[in-house]
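Biologist: Here is a fold I'd like to understand better. Please pick out one spot where the backbone does something unusual, look at it closely, and then lead me from there through the rest of the model.

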Amino acid sequence: LSDGNPVAIVFLRTKTRLQDIDPSLLEDITRNLKQPITVFVVPAKDAYDIRFFVPAGELQICGNGTRK
């Protein structure tokens with residue numbers, strides 16, 4: 001796959017819920033990865049918790065950072 005925008009995907013192994021992680025930490029990681037979009041993924045019960053970030057902050061939804 002070479003079409004589309006680059007996306008960094010970060011899988012976190014933590015018992016902490018993704019929504020409880022300080023957004024400033026996720027923003028720092030996003031800036032350091034130097035990609036247009038960073039997707040943070042944490043396994044949850046029967047699913048995944050997902051948050052999307054750009055260097056300026058969190059996005060509520062991200063079409064190009066989502067795959068089937």
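**From one loop residue into the fold**

Modeller: Happy to! Let's start at Lys-34, which is exposed, with a relative accessible area of 69%. Please keep in mind that this is a predicted model. Lys-34 sits in the loop that links helix 1 (23-33) to strand 2 (37-44). What catches the eye is the backbone: Lys-34 is not a glycine, yet its phi is positive, at about 55°. Most residues other than glycine have a negative phi.

Lys-34 has a counterpart further along the chain. Asp-46 is not a glycine either, and its phi is also positive, at about 60°. Asp-46 belongs to the loop between strand 2 and strand 3 (47-54). With a relative accessible area of 84%, Asp-46 counts as exposed, because the cut-off for that class is over 50%. So strand 2 has a loop residue with positive phi on each side: Lys-34 in the loop from helix 1, and Asp-46 in the loop to strand 3.

Now step back from Lys-34 into the helix. Thr-30 lies in helix 1, and Thr-30 is buried, with a relative accessible area of 0%. Beyond its neighbours within four places in sequence, Thr-30 is in contact with Gln-35, Thr-38 and Phe-40, and also with Phe-53, Val-54 and Pro-55. Helix 1 as a whole lies across strands 1, 2, 3 and 4, and runs at about 65° to strand 3.

Those four strands form an open sheet, in the order 1-2-3-4 and with mixed pairing. Strand 1 (7-11) and strand 4 (57-59) are at the edges; each has a single partner strand, so one side of each has no neighbour in the sheet. From one strand to the next, the twist averages 30°. At the end of that order, strand 3 and strand 4 pair in the antiparallel sense, over three bridges. As an example of the register, Phe-52 has Leu-59 of strand 4 as its bridge partner.

Next, the nonpolar side chains. The largest nonpolar core has seven residues: Val-10, Leu-18, Ile-21, Leu-26, Phe-40, Val-42 and Phe-53. Leaving out residues up to four places away in sequence, Val-10 touches Leu-33, Thr-38, Val-39, Phe-40 and Val-41. Apart from that core lies another, of six residues, including Ile-37, Val-39, Val-41 and Phe-52.

Two names deserve a second look here, Phe-40 and Phe-53, which have already appeared among the contacts of Thr-30 and in the largest core. Phe-40 and Phe-53 are buried. A search of the whole structure turns up one aromatic pair. The ring centres of Phe-40 and Phe-53 are 5.7 Å apart and their planes stand at 85°, so the pair is edge-to-face. Since Phe-40 lies in strand 2 and Phe-53 in strand 3, the pair ties together parts 13 residues apart in sequence.

Finally, the charged side chains, where the whole structure has three salt bridges. One of them is in the helix we started from: Asp-28 and Arg-31 meet side chain to side chain, at 2.6 Å from N to O. Asp-28 and Arg-31 are three residues apart in helix 1, about one turn of the helix. Asp-28 is partly exposed, at 38% relative accessible area, and Arg-31 is partly exposed too, at 39%.

Another salt bridge joins Asp-20 to Arg-17, at 3.1 Å from N to O. Asp-20 is partly exposed, with a relative accessible area of 48%, and Arg-17 is partly exposed as well, with 47%.

The remaining one links Glu-58 with Arg-51, whose closest N and O atoms are 2.8 Å apart. The burial of these two residues is worth a look: Glu-58 is partly exposed, at 32% relative accessible area, whereas Arg-51 counts as buried, at 10%, because that falls under the 20% cut-off.

To return to where we began: Lys-34, with its positive phi, lies in the loop between helix 1 and strand 2, and helix 1 in turn lies across the four strands.

Methods:
Residues are numbered from 1 along each chain as its sequence is written. This is a predicted model: local features need pLDDT of at least 70, side-chain atom pairs count only at pLDDT 80 or more; totals for chains, interfaces and linings use all residues. Side-chain values use heavy atoms; hydrogens and water are left out. Helices (H or I, at least four residues) and strands (E, at least two) are DSSP runs, numbered from the N terminus. Buried means under 20% relative accessible area, exposed over 50%, partly exposed in between (1.4 Å probe, protein chains only). Contact means heavy atoms within 4.5 Å. Two strands pair if DSSP finds at least two bridges between them. Axes are lines fitted to C-alpha atoms, for helices over the stretch in contact, and angles run from 0 to 180 degrees between N-to-C directions. A nonpolar core is a set of buried Ala, Val, Leu, Ile, Met, Phe, Trp, Tyr and Cys residues joined through side-chain atoms within 4.5 Å. A salt bridge is a side-chain nitrogen of Lys or Arg within 4 Å of a carboxyl oxygen of Asp or Glu. Rings of Phe, Tyr and Trp (its six-membered ring) pair if their centres lie within 6.5 Å; planes under 30 degrees apart count as stacked, over 60 as edge-to-face and the rest as tilted.
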